[in-house]
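User: Please take a close look at the charged side chains in one part of this model. Then follow the trail to whatever else holds the neighbouring parts together, and say how far the prediction can be trusted.

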Amino acid sequence: MTDDEAGATPPARSPGPAHLTAHGAGSGSRSGAISTRLNWLRAGVLGANDGIISTAGLVVGVAGATTSRPAILAAGVAGLLAGALSMAAGEYVSVCSQRDSERASLAMERWELDQEPQEELEELTGLLMARGLTRPLAREAAEQLTERDALRAHARVELGIDPDALANPWHAALASLVAFTVGALLPLLAITLPGSSARVPVTVAAVLAALILCGVLGARLGGAPAGRAVLRNVAGGALAMAVTYAVGTWLGTTT
């Protein structure tokens, strides 16, 4: 053996069929669980962001029309409840539709596996080849995956669905309701606790600080640059409060 041969880097090897079987061809339940958790966190940040902006716009607008603390508080609480329930209902309907679609796809895949097993085996082989495996290795891996659990293999590789972790509409609705409520409480407290002269400035400062935090968290969870996300967040919230305050002030002087 020469020195060059001894120091050479061994050639990269494709994963064997046993490795593919154990890890579900690159889309195992562990990676699926992590992805699901990140999606929930991202949805929570977005829900809180909606609660902050919508409630801030509402209470700042009312504060522009009146200095009555009970009136501002009543409007803010009504906005919080309406927004949180609306978010929860919308998320429930959306995730129900997603789950129904996933179940229909799994039912179709189950029928195809029952009626056309060879065609489905060939299809799975082609999908694994598209991921970079040679045909003999892809065929062997497809056979082992099919023997172990054909439906789960096709669901993960072909459909991108984890049969053991279908979307839960009740969880989604509750998460949206809680996230929106937490976000909405900040402007509601900021507008009602200070004196009348400090209400709007305190609320604007608190809301913009919260939007910066939400922008940073959302960007990091999504793997995007934080600066641009923060700028969009702050600009949207500032515009919403400016418009509603201007309208509220105008209505307060004309009524």
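Analyst: Asp149 has a relative accessible area of 30%. That value falls between the 20% and 50% limits, so Asp149 counts as partly exposed. The model is predicted. The partner of Asp149 is Arg152, and the two side chains meet in a salt bridge with an N to O distance of 2.3 Å. Arg152 is also partly exposed, because its relative accessibility of 25% lies between the same limits. Both residues belong to helix H6. They sit three residues apart, about one turn of the helix. The general rule explains the fit: an α-helix has 3.6 residues a turn, so residues three or four places apart point the same way.

Helix H6 holds another such pair. Glu143 forms a salt bridge with Arg139, with the closest N and O atoms 3.5 Å apart. The limit for a salt bridge is 4 Å, so this pair qualifies. The spacing here is four residues within H6, and about one helical turn separates Glu143 from Arg139. Glu143 is partly exposed at a relative accessible area of 40%. Arg139 is partly exposed too, at 24% relative accessibility.

Where else does Arg139 reach? It forms a salt bridge with Glu122, and the closest N and O atoms are 2.8 Å apart. This contact links distant parts of the chain. Arg139 lies in helix H6 (residues 135-159), while Glu122 lies in helix H5 (residues 117-130). The two are 17 residues apart. Glu122 has a relative accessible area of 35%, so it also ranks as partly exposed.

These contacts join up. A network of salt bridges links Glu122, Arg135, Arg139 and Glu143. The count for the model comes to four salt bridges.

Next, the aromatic side chains. How many aromatic pairs does a search of the whole structure find? The search turns up one. It is formed by Tyr92 and Trp170, with 4.8 Å from centre to centre and 55 degrees between the planes. An angle of 55 degrees falls between the 30 and 60 degree limits, so the pair is tilted. Tyr92 lies in helix H4 (residues 69-115) and Trp170 in helix H7, so the pair ties together parts that are 78 residues apart in sequence. The two rings differ in accessibility class: Tyr92 is partly exposed at 28%, whereas Trp170 is exposed at 60%.

Trp170 has a second role in the model. Its backbone nitrogen lies 2.9 Å from a side-chain oxygen of Asn168, which caps the N-terminal end of H7. The helix itself covers residues 169-192, 24 residues in total. At 1.5 Å a residue, H7 should span 34 Å, and its end C-alpha atoms are 34 Å apart, so the two agree.

Now confidence. The protein has a mean pLDDT of 81, and 83% of its residues reach 70 or more. Among its elements, H7 has the highest mean pLDDT, at 91. Helix H2 (residues 17-23) has the lowest, at 41. Over residues 1-29 the pLDDT is below 50. That stretch still has 33 contacts in the model beyond near neighbours in sequence.

Notes: Residues are numbered from 1 along each chain as its sequence is written. This is a predicted model: local features need pLDDT of at least 70, side-chain atom pairs count only at pLDDT 80 or more; totals for chains, interfaces and linings use all residues. Side-chain values use heavy atoms; hydrogens and water are left out. Buried means under 20% relative accessible area, exposed over 50%, partly exposed in between (1.4 Å probe, protein chains only). The expected span of a helix is 1.5 Å times one less than its number of residues. A polar contact is a pair of N or O atoms within 3.5 Å; within protein, one must be able to donate a hydrogen and the other to accept it, and residues adjacent in sequence count only if both atoms are side-chain atoms. pLDDT is the predictor's confidence in each residue, from 0 to 100. Contact means heavy atoms within 4.5 Å. Rings of Phe, Tyr and Trp (its six-membered ring) pair if their centres lie within 6.5 Å; planes under 30 degrees apart count as stacked, over 60 as edge-to-face and the rest as tilted.
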